Amino acid sequence: MSDYIRYIREKVGHDVVIMVGCGVFVYKDGKLLLQRRKDSGCWAMHGGSMEIGETTEETASRELFEETGLIAKKLELLGIFSGPDMMHTYPNGDKVYIVGITYICQKFSGNLLSETDETTELKWFDINNLPADINPPDKRPLEAFVVWARNTNKG
């Protein structure tokens, strides 16, 4: 949890807060890197909430490094996601309305981490064989990513 969100939670408890979240889909050779979240056990993109003063790209890059050990060399904007399906309640009861800014990263360096404070596993999935248990706020961005990947690979 970001310092800013922790500060807000001290004031509002579990009530709904609007959160700017920045996420990254890491994609290479037809495979997508996903993380299994510790809090829910679901598969998810890499990302988290913006800190005050960060750009969306800085947030996405920071979260990618913290959760995977990878350093983004280039980020490409996939889309901005909002709406009723971006309301989410975390397992601890915190409620958020997420405005999600999602990037694609195909150029990166670094060594993958096996586990972090927020993840239990990282795994590469074939774009045509993705897991069913996707973190709910990541479902629509993932659908958009799959469309992008299939259109990109046509040639």
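A residue counts as buried here when its relative accessible area is under 20%, and as exposed when that area is over 50%. The structure is a predicted model, and glutamine 35 is a convenient place to enter it.

Glutamine 35 lies in strand E2. Its relative accessible area is 2%, so glutamine 35 is buried. Beyond the residues up to four places away in sequence, glutamine 35 touches a run of residues that includes Cys42, Trp43, Ala44, Met45, His46 and Gly47. Further contacts of glutamine 35 include Glu67, Glu118, Thr119, Glu121 and Leu122. One of these partners, histidine 46, is eleven residues away from glutamine 35 along the chain, and the two C-alpha atoms are separated by 6.8 Å.

The strand around glutamine 35 comes next. E2 spans residues 31-37 and is mostly covered, with five of its seven residues buried. Strand E8, residues 119-126, runs antiparallel to E2 and is joined to it by seven bridges. Within that pairing, leucine 32 has phenylalanine 125 of E8 as its bridge partner. E2 also pairs with strand E3, residues 43-44, in the antiparallel sense over two bridges. Here arginine 36 stands opposite tryptophan 43. E2 and E3 make a hairpin with five residues between the strands, and in this hairpin glycine 41 takes a positive phi near 80°.

E1 is another partner of E2. The two strands pair in the antiparallel sense over three bridges. Leucine 32 appears again in this pairing, as the bridge partner of tyrosine 27, and lysine 28 stands opposite lysine 31. Leucine 32 of E2 is thus bridged to tyrosine 27 as well as to phenylalanine 125 in E8.

What lies between E1 and E2? The two strands form a hairpin with two residues between them. Aspartate 29 is found in this loop. At a relative accessible area of 70%, aspartate 29 passes the cut-off and is therefore exposed. Its phi is near 50°, a positive value in a residue other than glycine. Most residues other than glycine have a negative phi. The positive phi in the E1-E2 turn thus belongs to an aspartate, while the one noted in the E2-E3 hairpin belongs to a glycine.

E1 itself covers residues 17-28 and is mostly covered, as nine of its twelve residues are buried. Besides E2, E1 has pairings with E7 and E4. With E7, E1 pairs in the parallel sense over ten bridges. With E4, E1 pairs in the antiparallel sense over four bridges. Glycine 21 takes part in both: its bridge partner in E7 is glycine 100, and its bridge partner in E4 is serine 49.

Aromatic side chains form another feature of the model. There are six aromatic pairs in total. Phe25, Tyr27, Phe145 and Trp148 form one aromatic cluster. Tyr27 in this cluster is the residue already met as the bridge partner of leucine 32.

Which residues lie nearest the centre of the largest pocket? They are Arg37, Gly47, Gly48, Tyr90 and Glu118, out of a lining of 37 residues. Among these, Gly47 and Glu118 were named above as contacts of glutamine 35. The elements that give two or more residues to the lining are helix H1 (3-12), strand E1 (17-28), strand E4 (46-49), helix H2 (56-68) and strand E7 (95-110). E7 supplies the largest share, five residues. By class, the lining has 13 nonpolar, eleven polar and 13 charged residues. The space in this pocket is about 750 Å³.

A last residue stands just ahead of E7 in the account. Aspartate 94 is found in the loop between strand E6 (87-89) and E7. With 7% relative accessibility, aspartate 94 is under the cut-off and therefore counts as buried, whereas aspartate 29, also in a loop, is exposed. Aspartate 94 and arginine 9 are 85 residues apart in sequence, but their C-alpha atoms are 8.2 Å apart in space.

Note on methods: Residues numbered from 1 in each chain as written. Heavy atoms only, no water. 1 Å grid on protein atoms, 1.4 Å probe; cavity = no way out; pocket = protein on both sides within 12 Å on 5 of 7 lines; lining within 4 Å. Points joined across faces, edges and corners; volume = space filled by probe spheres on them. Nonpolar A, V, L, I, M, F, W, Y, C, P; charged D, E, K, R; others polar. Buried < 20%, exposed > 50% of the residue type's maximum accessible area, 1.4 Å probe, protein only. Pairing = 2+ DSSP bridges. Phe/Tyr/Trp six-rings, centres within 6.5 Å; stacked < 30°, edge-to-face > 60°. Contact = heavy atoms within 4.5 Å.
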